[in-house]
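Colleague: Could you take a close look at one part of this model for me, and explain the terms as you go along?

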Amino acid sequence: MPIRIIPASLIILSAFSSSFAEAPRGIPRELARQRAAQISNVRYRLAFVFVPKAATTSGEEEVRFRLKTLEPVLLDFRDGQLLSASVNGAALMLKRENGHLELPRDKLQAGENTIRIRFAVPIAGAGKPLTRFEDHDDSSEYIYSLFVPMDASMAFPCFDQPDLKGRFTLEMTAPETWTVISNTAVESVASVGPEQRRTRFAETPPISTYLFAFAAGPFQKLLTSQGTPALYVRKSKFERAQTEAPEVQQIAARGLQYLSDFFAQPFPFTKYDMVLIPGLAYGGMEHAGATFLREESVLFRIAPAHSDLLNRDILVLHELTHQWFGNLVTMRWFDDLWLKEGFAQYMAYQTLAAVRPQENVWKRFYESIKPDAYAIDSTKGTTPIYQEIPNLEDAKSAYGAIVYSKAPAVLKQLNFVLGADKFRQGLQLYLREHAFGNAEWNDLLHALERVSGKPLDNWGEMWIRHRGMAQVDVSWSCEGNQLSRLSLSQHDVLGSADVWPLAMQLGLNYANRDPVLMRVDLKGKTLRVPDLHGAECPSFIFANEQDYAYGRFLLDPRSREGAVRQLGEIQDLFRRTLLWGSLWDSVRTSELAPRDYLVLTLRVLPAEPDETLARSLLSHSATALHRYVSPVARSQYVPQFEALAADRMLHSTNADLRIVWFRGLEAITETPQGLARLNEILSGQLAVPGVELRALDRWNLVTALLAHGGPEAESIFTAERQRDPSGDGQKYAYVAEAARPHAAIKLRYFKDFLHNSSRPEDWIEQCLYAFNYWSQSELTAPYLREALEALPQIKRERKIFFLVDWLSAFIDGQQSPAAQAEVYAYLDSGGIDDDLRLKILQAVDELDRTVAIRRKFLH
């Protein structure tokens, strides 16, 4: 819904006001500022009672806080039923409006105040902050909370803003067979009735409301050794977890030690648990002292390759880093979301590089981080890293590739600019000065300035407050065998006049020897590189060796020819990866024909020994085949890719590569011969050597076969559903069936997406791309406008990342100018809030590029 700005006069009251003229919707910034200035020393004592299968839970709460000056106060409570309340001992019915409870001035006092409330709130399978998961494997029930960014107030009355930290004491009554986990250690357990017991937890240090959490159900705890975090898993997966999860505990333990040393700050909470939550809406959530991890990210449903295990490590280390960046020191407001997410992502890679030095971690950083950041920063819908959030009800809009990908990439550049030692000392100072408090981005930059002695105002203004990025172009010439001229220029990819402060490592590359590397600081529009010292004329020049800088770095035409010529012989894996990335950027900017990219890939890819680079090239090739080339060209290249993938799947030298080629085969296959091969794999007639396919591998094959409508697809689907009746199997069957190329199926699923509130959100999330299968754009085109019109509902009802997934799936499912025109017609129709407009512009960029590439190269 559109942002409603409440006039400050209705929020900030004088000492003579007795009540609010009107309670605002959400939590506007002005209300948050007023409360933060007036309220301190907040304590919550909470008690919940959970009854199996109940649609609600009852709660009792005591809220204590100190009020600086006497005035009415708004307490946030956005869902559920208020049963009774008292303010400083006086029972009364509190006024409730727009998700707030008004605490009247005449019942409050300057100084200490005590509020007591009884309430009831809902529990549901989706759409509520208290989520119930029903385990279809053993009929067990699990309940967990998920409050980020401002949903704690849907579960209990509170001051639901990040800079009003409170100390929480939790008491929970639940079946005696359940285990309850929360932010702190259990303080006491007592039997309170037939098959019920009450668990009381120690008081937390000051934490934000979104970091308070609990999970309850028949969880089982893995054995731990000294210094190893505890890990909890549902009982039906306990046996698997005993085999697969100890590595997660070990990487967390090593991360705890490294981060404590790196930050010169001991682990800030009394204990650290990890809880595996099936179907969690995010990869993980970093509750203070009790991180929740999506179960599927640890206990893989696919045969994991080495890179999958490293991605799991990154997830674990990301959430662990939050215990310092986000939990110990919390951003004051969600416009500075990057202060926790960007740092958690950057430090996850920094930590992995330290504890697993044998891995090429910064190459993996480039592959995992930069493409998403560059893709979104090239769109008309991109935003600055610092995003204005007038109201916390719009905080979800801050999440995305800008804070998760651009922010860590910019931090890597800042480390390069300042030097690793000064960067580390600045982080230590920042954490020390703001421990258990809140901070803003300027606080961090000032800490870094103080230890480095370097002014960072312009750097911060450009990289944190401005949107977009630079494209850096290289121009050079030689006289004889000598490099005679070398210059760089930059321009903003969105066409603004912005000049970005850039520090990079430029490489002069040669055919038969190591490159010559030089540091270049580009502070203006152009730079002529002096003192070439008689450098030999290179084969090609690449301006961002080792990926220190952030921006688009395309190869000039002469360098592109040289790089393409040498690509198969370049031994340095990081350099090879960066060059492939630059070439793909050239495809997406319509500078390199997608057919030329496919030809190059077919020539070089068969000998590529690196798993993640091979995966990237297969993914880009699938995109080019499905979106950028004509049907005639696709029919020419697809059989070649199918044959190559099938051969490498069987004959690659290690299992990780065989897994990558197997997944590539499933993604690219569309010919009758190829589909028959997929069926042979599914039936066991054709095996992937040394690889045991898991449940989701099999269901992905079924989904592909159903999507292409082969003659045996329906019977294959029926047989797999009978073979796998597990809880996961039921979800994957739901996902697979969405890919069936039938209009009636699409209609039934689309209604289910929007109107079945009992459908778990992760089922729908995983289903969106099957519904919008790349080859079914004519079937799904009728739903494009309806999907856009549903965005306000999606934004209101779904979790943080769902809206972006929804938009991407429905828009990326199209490739035509007609679909492009329909998206822009919706944008022109009016009544769309600014946040949704930006999200649509981000999502439509790939469709814009598809249309532009086809227009240029298909005629």
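In which sense, and over how many bridges, do E13 and strand E14 (residues 196–201) pair?

Modeller: E13 and strand E14 (residues 196–201) pair in the antiparallel sense, and six bridges join them; two strands count as paired if DSSP finds at least two bridges between them. Helices (H or I, at least four residues) and strands (E, at least two) are DSSP runs numbered from the N terminus. Please keep in mind that this is a predicted model, in which local features need pLDDT of at least 70 and side-chain atom pairs count only at pLDDT 80 or more, while totals for chains, interfaces and linings use all residues. Residues are numbered from 1 along each chain as its sequence is written, and side-chain values use heavy atoms, with hydrogens and water left out.

Within the pairing you asked about, Val186 stands opposite Phe201 in E14. Both strands belong to an open sheet of eight strands with mixed pairing, whose order is E5-E4-E8-E2-E1-E11-E14-E13. Strand E13 (186–193) is at one edge of this sheet and strand E5 (90–91) is at the other, and each has a single partner strand, so one side of each is left without a neighbour in the sheet.

Elsewhere in this eight-stranded sheet, strand E1 (39–49) and strand E2 (56–67) have helix H2 (residues 29–38) lying across them, and H2 runs at about 100° to E1. Contact here means heavy atoms within 4.5 Å, and the angle, on a scale from 0 to 180 degrees, is taken between the N-to-C directions of axes fitted to C-alpha atoms, for helices over the stretch in contact.

For comparison, there is also an open sheet of four strands with antiparallel pairing, in the order E9-E10-E15-E12. Its edges are strand E9 (130–134) and strand E12 (179–182), and since each has a single partner strand, one side of each is left without a neighbour in the sheet. On average, neighbouring strands of this four-stranded sheet are turned by 10° against each other, with direction ignored. E12 and strand E15 (residues 214–217) pair in the antiparallel sense over four bridges, and among the residues involved, Thr179 has Gly217 in E15 as its bridge partner.
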